Amino acid sequence: MGRSFSTWLRKRLIREHRAKIIILGLDAAGKTTLTRYLKQNEFSSPQPTVGQNIEVIRHRNWNLTAIDVAGQRHFRFLWDTHYRGVSGVIFVVDASDSFRFEEARAVMIEHLFENEFLKTCPILIIANKQDLAGSVPAATLIQALGLHIDLTQHTFQIFGCSILHGSGIEESLDWLISRME
Ligand SMILES: Nc1nc2c(ncn2[C@@H]2O[C@H](COP(=O)(O)OP(=O)(O)OP(=O)(O)O)[C@@H](O)[C@H]2O)c(=O)[nH]1
Ligand SMILES: [Mg+2]
């Protein structure tokens, strides 16, 4: 499938309120917990993902096909197989795990900012686990991840969320949908 056909199809689906989104982030950030919350509206503690989960999520009047990938290092090469046709990206960060911010930044640079397929996609960053002591607020995470330096070419927004408490999630998804084209 050529790039222009793929772009035409993506735009047409958006007009019908259908889109493919991809959920990226380090292992244990909360990608599968988020996917399940969006699907079933409840918190869970999933096993680490092997490969990927694909779920269709209803949000407002949208049908979102969400690709929830495995974040462990040895699975990250698989992310490449899902980028084509993506209209929006969610990058989940465990905001309580400052030891891994540097690794999260490196993964963002490699997989997001230098990615041809995701160049025009809005990027929603979830600063997750705000319920945990020691978690940093969204504004601090922008600095810690260097987003003010690296993300100048992209449409992005960061939201502090706790999937455990169900806070910040609805409005973050509203933002992503409003920016998809
Ligand atoms: N306290 C708290 N724990 C959370 C939150 N979100 C997710 N978790 C927990 O974080 C752990 C990891 O969550 P997962 O959803 O499996 O993480 P993942 O990003 O899918 O990890 P991989 O599949 O290995 O890439 C689980 O024990 C979740 O219950 C949150 O908002 N608050
Ligand atoms: Mg997972």
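# Questions on a predicted model

Biologist: Which element supplies the largest share of the shell around ligand 1?

Modeller: The model is a predicted one. Three residues of the shell around ligand 1 come from a single helix, which spans residues 31–40. This largest share belongs to helix α2.

Biologist: How many residues surround ligand 1?

Modeller: The closest residues to ligand 1 are G30, T33, P48, T49 and G71. By class, the shell has nine nonpolar, 10 polar and four charged residues. The number of residues surrounding ligand 1 is 23.

Biologist: Is α2 mostly covered or mostly open, and how many of its 10 residues are buried?

Modeller: A residue counts as buried if 20 or more other C-beta atoms lie within 10 Å of its own. In α2, the residues that pass are K31, T32, T33, L34, T35, R36 and L38. The helix is therefore mostly covered, and the number of its residues that are buried is seven.

Biologist: Which strands are included in what covers the buried residues of α2?

Modeller: The buried residues of α2 include L34 and L38. The cover over the buried residues of this helix includes β1, β2 (52–59), β3, β4 and β5.

Biologist: Which residue with a positive phi follows α2?

Modeller: Most residues other than glycine have a negative phi. The residue following α2 has a positive phi, near 60 degrees. That residue is N41.

Biologist: What pattern do the helices and strands follow along the sequence?

Modeller: The secondary structure of the chain comes to six helices and six strands. Read along the sequence, they follow the pattern α-β-α-β-β-β-α-β-α-α-β-α.

Biologist: Why does the radius of gyration of the chain agree with a compact globule, and what is its value?

Modeller: The C-alpha trace spans about 45 × 35 × 30 Å along its principal axes. A compact globule with 181 residues would have a radius of gyration near 16 Å. The chain agrees with this because its own radius of gyration is 15 Å.

Biologist: What percentage of the contacts with a separation of 6 or more joins residues 24 or more positions apart?

Modeller: One residue with contacts beyond four places in sequence is I126, which touches L34, I90, V92, V93, F159, C161 and S172. Over the whole chain, the share of contacts with a separation of 6 or more that comes from residues 24 or more positions apart is 70%.

Biologist: Which residues touch the most other members of the largest nonpolar core?

Modeller: This core has 44 residues. Elements that each supply at least two of them include β1 (18–25), β4 (86–94), β5 (123–128) and α3 (101–113). The members touching the most others are I23, V89, F91, V93 and I126.

Biologist: Which residues of α3 are buried?

Modeller: An α-helix has 3.6 residues a turn, so residues three or four places apart point the same way. What covers the buried residues of α3 includes β1, β4, β5 and α4 (138–144). The buried residues themselves are F101, A104, V107, M108, H111 and L112.

Biologist: Do β2 and β3 run parallel or antiparallel?

Modeller: β2 and β3 form a hairpin with two residues between them, and R60 in the turn has a positive phi of about 50 degrees. In this pairing, I54 stands opposite I67 in β3. Eight bridges join the two strands, and their direction is antiparallel.

Biologist: Which residue in β3 is the bridge partner of I23?

Modeller: Six bridges join β1 to β3, and the two strands run parallel. In β3, the partner of I23 is D68.

Biologist: Why does A28 count as partly exposed, and how many C-beta neighbours does A28 have inside 10 Å?

Modeller: A28 is in the loop between β1 and α2. Its phi is near 70 degrees, a positive value in a residue other than glycine. Partly exposed lies between 12 or fewer neighbours, which is exposed, and 20 or more, which is buried. A28 counts as partly exposed because its number of C-beta neighbours inside 10 Å is 16.

Biologist: How far apart are the C-alpha atoms of S167 and K129?

Modeller: S167 is in the loop between β6 and α6. Not counting residues up to four places away in sequence, S167 touches Q130, C161 and S162. S167 and K129 are 38 residues apart along the chain, and their C-alpha atoms are separated by 9.8 Å.

Note on methods. Residues numbered from 1 in each chain as written. Chains lettered and ligands numbered in written order. Predicted model: local features only at pLDDT ≥ 70, side-chain atom pairs only at ≥ 80, totals over all residues. Helix = DSSP H or I, 4+ residues; strand = E, 2+ residues; numbered from the N terminus. Rg over C-alpha atoms; globule rule 2.2 N^0.38 Å. Contact = placed C-beta atoms within 7 Å. Near = placed C-beta within 6 Å. Nonpolar A, V, L, I, M, F, W, Y, C, P; charged D, E, K, R; others polar. Core = buried A, V, L, I, M, F, W, Y, C linked by C-beta atoms within 7 Å. Pairing = 2+ DSSP bridges.
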